[in-house]
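Visitor: I am new to this structure. Please show it to me, and then explain how the terms used for it are decided.

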Amino acid sequence: MNKYFPEVSKVLYEGKDTKNPLAFRYYDPQRKVGDKTMEEHLRFSMAYWHTLCASGVDMFGSGTAVRPWDKLTKPMDIAKARAEAAFEFMVKMQIPFFCFHDVDIAPEGENLTETFKNLDEIAALLKDLMKQTGIKLLWGTTNLFTHPRFLHGASTSPNADVFAYSAARVKKTMEITKDLGGENYVFWGGREGYETLLNTDMKLEMDNLARFLHMAVDYAKEIGFTGQFLIEPKPKEPTKHQYDFDVASVIGFLKTYGLDKDFKVNIEANHATLAGHTFQHELRLARINGLLGSVDANQGDELLGWDTDQFPTNLYVTTLAMYEILLNGGLAPGGLNFDAKVRRGSYEPIDLFYGHLAGMDAFAHGLLAAYKLLESRELEDFVAERYSSYTKGIGEKIVKGEVGFKELAEYAMDHQEIKHTSGRQELLETIVNKYIFEA
Ligand code: XUL
Ligand code: CO
């Protein structure tokens, strides 16, 4: 496996002082952090679409990326070359998992029969490459948003034929995901939202989205697919308003429609910021509700209000993300999938290595800092003390449900002088910084 990236050999851990730009400074896969290795904690995954398929096209210009595997002419030959390039890349980068949409791995045919035939052929090749390398499938998903047939959505389309067609595509991708031993299956609601309420039956669309997900759960049971189902929230893009807006909306949706036992969430950092939340907020909300399943690791740009899908390099953010993930007891069977692409100006194949390396080291550093921060209990002890009024006296009675407004009003009459304590935000930020400096 040395055909598509001959200029790069296996990227290894060399430690923080290395001058080698193609070596890990922090990611040391077999290093133990607590009772797990870094590899087990982080469960890194490559996104097939950004790494193998993205060409660097944007609203103002055509593709710039130099991708030797795309030089062939027949679509199926390109698909095979992409698969080989993908595994060469993952082996060299020491990435143990990958994720794909159906259309990333195989071209669509003239009709469903041909499309499924193409998928079967490439899935067999992937299976073989997985066997040769030990690389595993983190999740599969179906692209129900690029083709014009999905212009009004998929399961939320006003056209029932689109609903049926979408079901056929998800059914097939689920079968392939199962066959490849995929550990999860993701639903990102690509165009499951609306542009204007003037032409939209919101109630029917949301009911249909739930019907579609119930059918997916039923079919998984029927074929014995035991992977975790995940919903990936995003507030907008491509539609003005997506139904899976953020973690809070998804929790409400899952509970309303009786789907909360079958789904968890796949949280993407850039989607969190588009929704006006921090990444940590979304991870926390999912975690405390028992729904944190997996992560799409990337970051946006502070000055741009769209989904730039950049490689994650912000150590403050990776540290606080790993803090939530450690408190979650890890992500398995989920993982950290780099839903990230190199910038249009970073057009050479080697830039794919620099991008993933930056993200892997940023998360490995975040893991070390977060582990020490948690071990110290500096934040936990502070927070416990801050809420200690609920562990005794009237607070304990509130928590235990022993008092109502009448008793509280009586109590308040005798306790009108309120004594606060400082929130000490700056002190706590200094503590977090200390663990980042020291990692
Ligand atoms: C789009 C996005 C998708 C999903 C999978 O913003 O994040 O790539 O992760 O469909
Ligand atoms: Co994503």
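Guide: What follows sets values from this predicted model against the definitions of the terms.
Guide: Residues are numbered from 1 along each chain as its sequence is written, and chains are lettered from A and ligands numbered from 1 in the order in which they are written. In this predicted model local features need pLDDT of at least 70, side-chain atom pairs count only at pLDDT 80 or more, totals for chains, interfaces and linings use all residues, and side-chain values use heavy atoms, with hydrogens and water left out.

Visitor: What makes Glu232, Glu268, Asp296 and Asp339 donors of the cobalt ion (ligand 2)?
Guide: Donors are N, O and S atoms within 2.8 Å of the metal (3.2 Å for Na, K and Ca); water is not among the atoms, so sites may look incomplete. The OE atoms of Glu232 and Glu268 and the OD atoms of Asp296 and Asp339 lie 1.9 to 2.1 Å from the cobalt ion, so they count as donors.

Visitor: Why is the arrangement around the cobalt ion (ligand 2) called octahedral?
Guide: Six donors count as octahedral if opposite donors are over 155 degrees apart and all others between 65 and 115. The six donor atoms here subtend angles of 82 to 171°, which makes the arrangement octahedral.

Visitor: What makes Trp49 a polar contact of ligand 1?
Guide: A polar contact is a pair of N or O atoms within 3.5 Å; within protein, one must be able to donate a hydrogen and the other to accept it, and residues adjacent in sequence count only if both atoms are side-chain atoms. A polar side-chain atom of Trp49 lies 3.3 Å from an oxygen atom of ligand 1, so the pair qualifies. For Glu232 the distance is 2.7 Å, and for Asp307 it is 3.0 Å.

Visitor: How do you know that Asp120 and Lys172 meet in a salt bridge?
Guide: A salt bridge is a side-chain nitrogen of Lys or Arg within 4 Å of a carboxyl oxygen of Asp or Glu. Asp120 and Lys172 are 2.9 Å apart, N to O, so the pair counts. The whole structure has 19 salt bridges.

Visitor: Why does Lys172 count as buried, and why is Asp120 called partly exposed?
Guide: Buried means under 20% relative accessible area, exposed over 50%, partly exposed in between (1.4 Å probe, protein chains only). Lys172 has 11% relative accessibility, so Lys172 is buried. Asp120 has 39%, so Asp120 is partly exposed.

How values were computed. Four donors count as tetrahedral if all angles lie between 85 and 135 degrees; four count as square planar and six as octahedral if opposite donors are over 155 degrees apart and all others between 65 and 115; anything else is irregular.
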